[in-house]
Amino acid sequence: MPALPGAAVDEPPPFDTAVDEPDEEVDTGDELPPATICANMEQEPNGEVDEAQDLPLEQWMCGYFGELGDNDLFAFDIEEASWLRVWIRAQELGSLANPRAFLYDEDREFDASFEDSFLSADIDRTFKLDEGRELFLGILEQEVGSVQFGEEYEWRLRVSVVKAPVTWTSEEVEENDSRAEANPVVDGDRVFGRIEHGLRYDWFELEVTEDREDVSIETDSWSHGSPLNPEIMVEGPDGTEIGSAFTHDSASNFDAKVAFTTTEPGIYKIRVGSCCAGDGARPGGLPNWYVLDVSSVPVVVETEDTGDGL
Ligand SMILES: [Ca+2]
Ligand SMILES: [Ca+2]
Ligand SMILES: [Ca+2]
Ligand SMILES: [Ca+2]
């Protein structure tokens, strides 16, 4: 289990012990005393915008889905463009809750919904705020049912300012939603971009000068906590699709990678979007970021090469 910042070394394991253990020393009037790690407890009612509770950064806020349809809403201010991590824990700590979360700002310009993480019903997302904003984070039980609430539906959440998990060399230039507006890229580029809307695309184009170049187009996104599960599609100079992917080298890595060897020089078009074309889901929004990593190197021709390079 990852270290929990602020936790005392001898703190009992989260939840299972901490919430069930009677603590006579702390009498807050609550039926269950706060666990040591909980610097803050939710204060109901907190379901409406004007009831949103201030969320201190870098500290754990703890609470429950205590009633049917319980919505727990928090507000926090970020003064400048920053990388943020939203970490919401429940099932991994033994809670029955399966939280989902909605992040948004007053103008609804920066919004995303967060559901399960890979192999986990909990939420751990890292993204780059584009500018200083006052943000709201609402969480609620994801399971739809009449009994998904109560004292066993505890959650803990923390929002923190973090270091960028990736590096990049340039940023996309919108509008780039069509082939004609494609941003040029070259070998070695790492382009930071966002899928501002799930139905929009970011187009790039790579000029290949040799007949045969090994091209690899891939994202750093999902594997670094971005809400975006990206999809890449590449077209050759004649407009035919060379490949598309929403996974990386392994089927359980939801970054995207398309790698191939060219057969002719020309302009190769690259389309980046939210997984997946033809699928109705395709979430988007400013928090959905990626870094597109571009590699294109001429194939070294072997003297005994018979034509297929293998
Ligand atoms: Ca609550
Ligand atoms: Ca509530
Ligand atoms: Ca974009
Ligand atoms: Ca675009």
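Select V191 and L292 to begin: V191 stands opposite L292 in strand β20. This is a predicted model, so keep the confidence colouring at hand for a later stop.

**Stop 1: around β13 and β20**

Widen the selection to residues 190-194, which make up strand β13, and residues 289-298, which make up β20. These two strands pair in the antiparallel sense, over five bridges. Now add residues 170-171, strand β11, which pairs with β13 in the parallel sense over two bridges. Click on E171 and look across: F192 in β13 stands opposite.

Next, select residues 213-220. This is strand β15, and eight bridges pair it with β20 in the antiparallel sense. For one pair to look at here, pick V215, whose bridge partner in β20 is S296.

Finish this stop by adding residues 257-261, strand β18. You now have an open sheet of five strands, in the order β11-β13-β20-β15-β18, with mixed pairing. β11 and β18 are at its edges; each has a single partner strand, so one side of each has no neighbour in the sheet.

**Stop 2: another five-strand sheet**

Hide that selection and move on to residues 230-235, strand β16. Its antiparallel partner β17 is joined to it by four bridges, and you can find β17 at residues 241-245. Choose M233 and follow its bridge to S244 in β17.

These two strands belong to an open sheet that runs β12-β14-β19-β16-β17, again five strands with mixed pairing. Which strands stand at its edges? They are β12, at residues 183-185, and β17; each has a single partner strand, so one side of each is left without a neighbour in the sheet. Turn the view to look along the sheet: from one strand to the next, the twist averages 25°.

**Stop 3: β10 and two partners**

Select residues 154-162 for strand β10, then residues 61-64 for strand β3; the two are antiparallel and share four bridges. C62 is the residue to click, with R156 of β10 standing opposite.

Keep β10 and add residues 83-89, strand β5. Here seven bridges pair the strands, also in the antiparallel sense. W83 has V162 of β10 as its bridge partner.

**Last stop: confidence**

Now colour the whole protein by pLDDT. The mean is 88, and 86% of the residues reach 70 or more. Then select residues 1-34, where the pLDDT is below 50. Beyond near neighbours in sequence, this stretch has 32 contacts in the model.

How values were computed. Residues are numbered from 1 along each chain as its sequence is written. Chains are lettered from A and ligands numbered from 1 in the order in which they are written. This is a predicted model: local features need pLDDT of at least 70, side-chain atom pairs count only at pLDDT 80 or more; totals for chains, interfaces and linings use all residues. Two strands pair if DSSP finds at least two bridges between them. Axes are lines fitted to C-alpha atoms, for helices over the stretch in contact, and angles run from 0 to 180 degrees between N-to-C directions. pLDDT is the predictor's confidence in each residue, from 0 to 100. Two residues are in contact if their C-beta atoms, placed from the backbone, lie within 7 Å.
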